[in-house]
Structure formats: C-alpha cells, structure tokens
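Here is a short tour of a protein fold, written to be read with the structure open beside you. Take it one part at a time and turn the view as you go.

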Amino acid sequence: RWVRIVNKRLENGMLVGLRIDVTEFKAHETLLSTQIRETWLLRAALEQLPVAVFLRDHDRRLTFANTAYEKFVGGDLAHFIGKTESEMFPATGEQSRLENERLLETGEAIEKAETLPLPDGGSLPVITRLGRVATPDDEYYLVGSVTDVSLLQDRENALIAAQAQAEALH
C-alpha cells in the first residue's frame with residue numbers, strides 16, 4: 001500500500017499527523033503514465049515509417065498524418081489538418097469522398113493500386129489501403145496508408161527486361 005504522511009505542528013504546539021492511503025491514486029497515476037508512454041511510442045513509431053499513414057474522422061476531416069504523408073500533399077501537414085479529401089485533392093476528391101463515406105458506413109476495407117499525382121507535377125505508383133477503426137465510445141475513424149511502390153515497379157520492369165533478353169538468346 002502507498003501512504004502519504006503529512007505532519008503539521010499547530011500554533012499550540014500539538015503535532016497533527018495524517019496518514020492518507022493513496023494506493024488507488026498511485027495505481028491510476030502509473031496507468032496514466034504507462035498510457036502516455038505508449039501513446040508517445042506509437043506516435044514516434046508512426047513517424048519513422050516510410051509508409052504514409054493517416055486518420056480521418058467521421059466527417060472525413062484529416063485528424064492525423066505522419067511525416068511520410070507530406071510527400072503526397074506537398075507541404076506542411078499543419079495546413080491540411082481538419083480538411084476533407086475534397087478540400088485537399090480537388091481533382092480526385094469526389095471519388096475519394098464517395099469511397100470514404102461508404103467505408104465509414106460499412107467498414108468494408110479498400111485496397112487499390114493507383115498512380116497518384118504529386119504536387120510537383122510528377123506521379124507515383126502506390127498501393128492505398130483504407131480501413132475503419134472505432135473508438136471505445138463507437139465513433140468511427142478512417143485509417144489509411146499509402147505505400148510508394150515505385151522501387152518494386154522498377155525491379156519488376158528490370159526482371160521483365162532480363163527475362164525478355166534471356167528468351168531472345170534462346
């Protein structure tokens with residue numbers, strides 16, 4: 001058990017001593033400290049991923065994105081937090097809005113290979129995965145990841161070229 005001891009001498013010279021059982025408080029404090037540490041570690045881990053990870057709330061507004069996501073928006077994430085997909089990506093926002101609304105309603109996950117236009121005018125082959133998660137109070141969020149597969153595509157093209165060259169030799 002944890003006990004807090006408080007001693008105070010009164011003006012008349014008497015000593016008053018309090019013994020307060022703080023075991024429950026300490027257990028709650030330890031749990032809270034553990035939860036804060038785990039939250040910090042999870043955020044730090046997400047920031048280290050080369051895969052773009054993001055969360056959208058039930059109104060489809062961006063609530064979180066890791067640093068890797070900045071490549072797809074072409075700027076400081078702070079400018080995009082709170083915006084819907086339509087506000088962020090006017091050219092493709094309507095299609096994304098429909099997919100995201102359906103996903104938030106049904107929970108049916110989406111995985112698709114696509115080519116994303118980049119803010120610098122280039123494009124990138126990616127695999128996008130979208131799913132739904134719920135908070136303890138049953139509020140739905142969309143969780144997504146965008147994986148750059150250009151390196152895999154380059155390797156695949158090199159293998160195809162090597163196979164064609166080998167077949168030409170036979």
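The sections below go through the sheet, the helix that packs on it, the nonpolar core and two loop residues.

## The sheet

Please keep in mind that this is a predicted model. A good place to begin is the open sheet, which has five strands in the order β4-β3-β7-β6-β5, paired in antiparallel fashion. At its edges lie β4 and β5 (110–117), each of which pairs on one side only. On average, neighbouring strands here are turned by 25 degrees against each other, direction ignored.

Now follow the pairings across the sheet. Strand β3 (residues 52–56) runs antiparallel to strand β4 (residues 62–65), and three bridges join them. In this pair, R56 stands opposite L62, while F54 faces A65. On to β7: five bridges link β3 with this antiparallel strand, and here F54 stands opposite G144. Strand β7 (residues 140–148) is also joined to strand β6 (residues 123–134), by nine bridges, and these two run antiparallel as well. Across that pair, L130 stands opposite G144.

How enclosed is β3? Four of its five residues are buried, so the strand is largely enclosed by the rest of the structure.

## The helix on the sheet

Helix α4 (residues 93–106) packs on the sheet and touches β3, β5, β6 and β7; its direction makes about 30 degrees with that of β6. The length of α4 can be checked with simple arithmetic: at 1.5 Å a residue, its 14 residues should span 20 Å, and the end C-alpha atoms are indeed 20 Å apart.

Which residues of α4 are buried? They are G93, E99, N100, L103 and L104. Looking down the axis of α4, you will find the buried residues within an arc of 130 degrees, so they line one face of the helix. A bit of helix geometry is handy here: an α-helix has 3.6 residues a turn, so residues three or four places apart point the same way. The buried residues of α4 pack against β3, α3 (85–88), β5, β6 and β7. On the other side of the helix, Q95 and E105 are exposed. Just after α4 comes G107, with a positive phi of about 80 degrees.

## The nonpolar core

The largest nonpolar core contains 20 residues, and those with the most contacts inside it are F54, L62, Y69 and F72. At least two residues of this core come from each of β3, β4, α2 (70–73), α4, β6 and β7. The biggest giver is β6, with three residues. As background, nonpolar side chains tend to be buried together in soluble globular proteins.

F54 is a good residue to centre your view on. Setting aside residues up to four places away in sequence, F54 touches L62, F64, A65, Y69, L130, L142, V143, G144, S145 and V146. Two of these contacts have already appeared as partners across the sheet: A65 in β4 and G144 in β7.

## Y141 and its contacts

Y141 is found in strand β7. Leaving out residues up to four places away in sequence, Y141 touches L55, R56, D57, T63, L104, G131, R132, V133 and T135. Among these is L104, one of the buried residues of α4. Y141 also lets you see how the fold brings distant parts of the chain together: Y141 and F64 are 77 residues apart in sequence, with their C-alpha atoms 11 Å apart in space.

## Two loop residues with positive phi

Most residues other than glycine have a negative phi. With that in mind, have a look at R60 and D138. R60 has a positive phi, near 70 degrees, and its place is in the loop between β3 and β4. Those two strands form a hairpin with five residues between them.

D138 has a positive phi as well, near 60 degrees, and sits in the loop between β6 and β7. Is each of these residues buried or exposed? R60 has a relative accessible area of 13%, under the 20% cut-off, so R60 is buried. D138 has a relative accessible area of 60%, over the 50% cut-off, so D138 is exposed.

Methods
Residues are numbered from 1 along each chain as its sequence is written. Side-chain values use heavy atoms; hydrogens and water are left out. Two strands pair if DSSP finds at least two bridges between them. Axes are lines fitted to C-alpha atoms, for helices over the stretch in contact, and angles run from 0 to 180 degrees between N-to-C directions. Contact means heavy atoms within 4.5 Å. The expected span of a helix is 1.5 Å times one less than its number of residues. Buried means under 20% relative accessible area, exposed over 50%, partly exposed in between (1.4 Å probe, protein chains only). The arc is that of the directions from the helix axis to the C-beta atoms. A nonpolar core is a set of buried Ala, Val, Leu, Ile, Met, Phe, Trp, Tyr and Cys residues joined through side-chain atoms within 4.5 Å.
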